[in-house]
Amino acid sequence: MKLLITFICIISIEIAKQHCVVSAWSQGGSTITSRGATIQHQLPTSSSLFSSTQSNDKDDITINSNNGELERLKKEEQRLSSLLDSIRQQKLAVLRSRPLSIGIVGFGRFGQFIAQSFTKYGNVVGTSRTNYTDVASEMGVKYSLTLESFVLDEDLDVIVLATSIVSFKDTVLDIVPLLEKKMQLKGAGSYPLIVDVASVKEHPRNILLDLLPEECDILCTHPMFGPDSAKNGWRGQTFVYEKTRINKVILDPDFEGQENQLDISEEYVEGMDRMERFLSIWEEEGCNMIPMACSDHDSYSANSQFITHLVGRILGIQGLKATPIDTTGFQSVLRLIETTNADSFDLFYGLYKYNRNSGYTIGRLRGALDDVVGALLQRDGVVGVFDGGNRKSDDDAK
């Protein structure tokens, strides 16, 4: 009997526990006593379980939608790439259907460098003070021995002035009367597009606007590379340009909506088309095309290209040479010296002389050198002047 009573008690206790669990589930929590300790149980309510289920459903929907988004974007990328390739092929077809006849005045190292690529897209004629007939023939370029025959006898769409910036004005003065004579013989429509490729921009721009007949369209450009830096091709190289004048209209490079306010004539459209076809050559060769006002170019260039040449020339005068323990940084310095000193001094002088910002760059460089050396002397406890390798302090002077 005692065993039966004990068994019934155990069963009653278990039933009571189950009741507590059911009650706790329905009420969201319960307090039970175990081994003399009170434990608070927080159980999920039916509403919180439903909310959690909804959240999980939303996450599943988001994941499922994202799974298809990447595939859709890849397909769109392929479509756009195919469209871009199709447009490029159409551009090439236009260029080849109406190839430009391009003349280059100044058939030196840079003139020959650009002529090699121009021959892929049109007929090229060169002229210079030196006879480069054999060199031109090897690259498929026609060569004219005189500037007069170059201007009057060749039917040129574009004339690229690739002379030294130092002799740029004299070249333009020589070519202007020949252009005017050509107009008298063949009419105003015979004027070619005049392009400069100088390393400074405001100076040649002003000369071209001041001296050329107003019927001549003008495109000011600066290929920011040359035979050494782009010996493996033009892809990725920077090409800066300003559309300066078309059909007697001087364009404002900072006014994007200017064309919408112009009286667009047939002559203007033809001039723009010729300019765009010439620019497309550089695009097709892979250049990074940057439209920019000539004034902005010179401001940037003084603290970029000019200071690079300036430092390269200064370090070159020091006679720095490779050593057995060169760091990669010093190897870069030697490459800078090599590339900057490979260019003519006329180019370096032109960067200084014909960019009004270059003088300020020199002054700031001098000031920076004084500041750095002064900081070294101050750290060394020296007050005085730095005389070569000898440090003269006030104590030394006594």
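## Close-up views of a predicted model

**View 1. Val166 sits in the loop between β6 and α6.** Welcome to this predicted model; we start at a spot on its surface. Val166 has a relative accessible area of 33%, so it is partly exposed. Together with Phe345, Tyr349 and Tyr352, Val166 makes up a nonpolar surface patch. The accessible area of these four residues adds up to about 380 Å².

**View 2. Helix α6 covers residues 168-186.** How far apart are the end C-alpha atoms of α6? They are 26 Å apart, which agrees with the 27 Å that 19 residues should span at 1.5 Å a residue. Look along the helix for its buried residues: Phe168, Thr171, Val172, Ile175, Val176, Leu178, Leu179 and Lys182. An α-helix has 3.6 residues a turn, so residues three or four places apart point the same way. The buried residues of α6 pack against three strands, β3 (100-105), β6 (158-161) and β7 (193-196), and against the helices α5 (147-153) and α7. After α6 comes Gly187, with a positive phi near 100 degrees.

**View 3. Helix α3, residues 109-118, is largely enclosed by the rest of the structure.** Why can we say this of α3? Because seven of its ten residues are buried. You can find them as Gly111, Gln112, Phe113, Ile114, Ala115, Ser117 and Phe118. Around them, the packing partners are the strands β3, β4 (122-127) and β6, along with the helices α4 (133-138) and α8 (266-284).

**View 4. Glu215 lies in the loop that runs between α7 (202-211) and β8.** With a relative accessibility of 26%, Glu215 counts as partly exposed. Beyond its neighbours within four places in sequence, Glu215 is in contact with Ala188, Tyr191 and Lys248. One of these partners deserves a second look: Lys248 is 33 residues away from Glu215 in sequence, yet their C-alpha atoms are 5.7 Å apart in space.

**View 5. Gln237 belongs to the loop between β8 (218-223) and β9 (238-246).** Is Gln237 buried or exposed? Its relative accessible area is 18%, so Gln237 is buried, the cut-off being under 20%. Which residues is Gln237 in contact with, leaving aside its neighbours within four places in sequence? They are Met224, Phe225, Ser229 and Ala230, together with Gly286, Cys287 and Asn288.

Methods. Residues are numbered from 1 along each chain as its sequence is written. This is a predicted model: local features need pLDDT of at least 70, side-chain atom pairs count only at pLDDT 80 or more; totals for chains, interfaces and linings use all residues. Side-chain values use heavy atoms; hydrogens and water are left out. Helices (H or I, at least four residues) and strands (E, at least two) are DSSP runs, numbered from the N terminus. Buried means under 20% relative accessible area, exposed over 50%, partly exposed in between (1.4 Å probe, protein chains only). Contact means heavy atoms within 4.5 Å. The expected span of a helix is 1.5 Å times one less than its number of residues. Patches are made of residues with over 30% relative accessible area and no salt bridge: like charges are joined within 9 Å, nonpolar side chains (Val, Leu, Ile, Met, Phe, Trp, Tyr) within 5 Å. Accessible areas come from the Shrake-Rupley method with a 1.4 Å probe; for residues, only the protein chains shown count as cover. A salt bridge is a side-chain nitrogen of Lys or Arg within 4 Å of a carboxyl oxygen of Asp or Glu.
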